[in-house]
Amino acid sequence: AVVPVIADLYEADFPEVKAAREQIIAVLAKEEKAFRQTLRKGLKQMQQYVADGLTGVELFTLYDTFGFPVELSTEEAYKQGISLSKDWRAEFDAKMAEQRQRSKTARKGQFSGGLEGHDPIHLKYHTATHLLGAALRTVLKAPDLQQHGSNITAQRLRFDFNHDKLTPEEKQAVEDQVNAWIEADLPVSFAVYPTDEALKLGAIGAFG
């Protein structure tokens with residue numbers, strides 16, 4: 001019920017929201033279902049800690065392994081009369097700090113998005129993202145499919161997009177389509193247009 005109201009309210013500034021209303025509602029419904037499953041799993045796991053109360057480490061496990069927000073864990077513990085250890089917050093924060101450090105170490109030297117460089121291999125991969133997006137829309141028959149991010153290094157490219165998980169057959173079909181376009185050695189060019197004109201010519205992207 002909220003999506004139609006927001007879509008109508010901001011239609012002038014974000015017409016794409018109203019155009020994709022049904023898709024947005026479907027995604028929200030899917031996310032709500034997933035969150036309800038998370039709640040059930042978290043509550044089930046919490047019952048194993050009822051006897052001895054909850055420690056910060058156990059609260060972190062609920063958060064990290066079961067996706068159960070610590071605020072919900074402590075609120076539910078209060079409702080059920082489950083005690084919390086005296087230092088639960090310090091214990092939880094310590095585990096969170098450890099996790100952040102691990103993530104920071106894993107990301108060291110990497111880029112979260114965009115091009116890592118502008119040498120020929122990076123530019124080729126960048127062009128490949130456009131081919132990949134077009135192939136996905138073609139194979140999946142999803143004209144509204146959009147890129148939601150990418151990361152390009154000298155070793156590989158990552159392409160984020162709004163669609164359900166692909167089947168092995170769909171992945172192969174997309175790969176075959178991209179390779180077919182590459183083998184066709186199509187000419188590549190670019191031009192700069194005002195947004196309205198670019199859209200009329202068929203440009204695809206997030207404009208705002």
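The legends below describe several views of one predicted model.

**Figure 1. Overall view of the chain and its secondary structure.** The chain contains nine helices and three strands. Following the sequence from its start, the elements occur in the order α-α-α-α-α-α-β-α-β-β-α-α. The radius of gyration is 23 Å, well over the 17 Å that the globule rule gives for 208 residues, so the chain is more spread out than a compact globule. Measured out along the principal axes, the C-alpha trace spans about 70 × 45 × 35 Å. Of the 208 residues in the chain, 23% are buried. Among contacts between residues at least 6 apart in sequence, 60% join residues at least 24 apart.

**Figure 2. The two domains.** Domain 1 covers residues 2–107, and domain 2 covers residues 120–201. The centres of domain 1 and domain 2, taken over C-alpha atoms, are separated by 33 Å. One pair for the reader to locate is His126 and Glu58: these residues are 68 places apart along the chain, and their C-alpha atoms are separated by 44 Å. His126 belongs to helix H7, which runs over residues 120–139. With a relative accessibility of 34%, His126 counts as partly exposed.

**Figure 3. Confidence along the chain.** The average pLDDT of the chain is 82, and 91% of the residues score at least 70. Where is confidence lowest, and where is it highest? The lowest mean, 56, belongs to strand E1 (residues 114–115), whereas the highest, 93, belongs to helix H8 (residues 168–183).

**Figure 4. Close-up of Gln99 and the residues it touches.** Gln99 is part of helix H6, which comprises residues 88–107. Is Gln99 buried or exposed? Its relative accessible area is 18%, and Gln99 is therefore classed as buried, since the cut-off for a buried residue is under 20%. When residues up to four places away in sequence are not counted, Gln99 touches Phe60, Tyr63 and Asp64. With Asp64 there is also a polar contact, in which the two side chains are joined at 2.5 Å.

**Figure 5. Close-up of Asp93 and Phe60.** Asp93, like Gln99 in the preceding view, is placed in helix H6. The relative accessibility of Asp93 is 37%, so this residue counts as partly exposed. Phe60, one of the residues that Gln99 touches, appears here again as a partner in a distance. Asp93 and Phe60 stand 33 residues apart in sequence, while 8.5 Å separates their C-alpha atoms in space.

**Figure 6. Close-up of the hairpin formed by E2 and E3.** Strand E2 consists of residues 147–152, and strand E3 consists of residues 157–161. In which sense do E2 and E3 pair, and over how many bridges? The pairing is antiparallel and extends over five bridges. A hairpin of four residues leads from E2 to E3. Within this pair of strands, Ile152 is found opposite Leu157 in E3.

**Figure 7. Close-up of two loop residues with positive phi.** Most residues other than glycine have a negative phi. Lys141 is not a glycine, yet its phi is positive, near 50°. This residue lies in the loop that connects H7 and E2. Its relative accessibility of 69% means that Lys141 counts as exposed. Asp185 likewise is not a glycine and has a positive phi, of about 50°. The location of Asp185 is the loop between H8 and H9. With a relative accessible area of 63%, Asp185 is exposed.

**Figure 8. Close-up of Asp196 and Ala19.** Asp196 is situated in helix H9, which contains residues 195–200. Is Asp196 buried or exposed? The relative accessible area of Asp196 is 56%, and the residue is therefore exposed, given that the cut-off for this class is over 50%. Asp196 and Ala19 are 177 residues apart in sequence, and the distance between them in space is 17 Å, C-alpha to C-alpha.

Conventions: Residues are numbered from 1 along each chain as its sequence is written. This is a predicted model: local features need pLDDT of at least 70, side-chain atom pairs count only at pLDDT 80 or more; totals for chains, interfaces and linings use all residues. Side-chain values use heavy atoms; hydrogens and water are left out. Domain bounds come from an automatic or database domain assignment. pLDDT is the predictor's confidence in each residue, from 0 to 100. Buried means under 20% relative accessible area, exposed over 50%, partly exposed in between (1.4 Å probe, protein chains only). A polar contact is a pair of N or O atoms within 3.5 Å; within protein, one must be able to donate a hydrogen and the other to accept it, and residues adjacent in sequence count only if both atoms are side-chain atoms. Contact means heavy atoms within 4.5 Å. Two strands pair if DSSP finds at least two bridges between them. The radius of gyration is taken over C-alpha atoms; the globule rule is 2.2 Å times the number of residues to the power 0.38.
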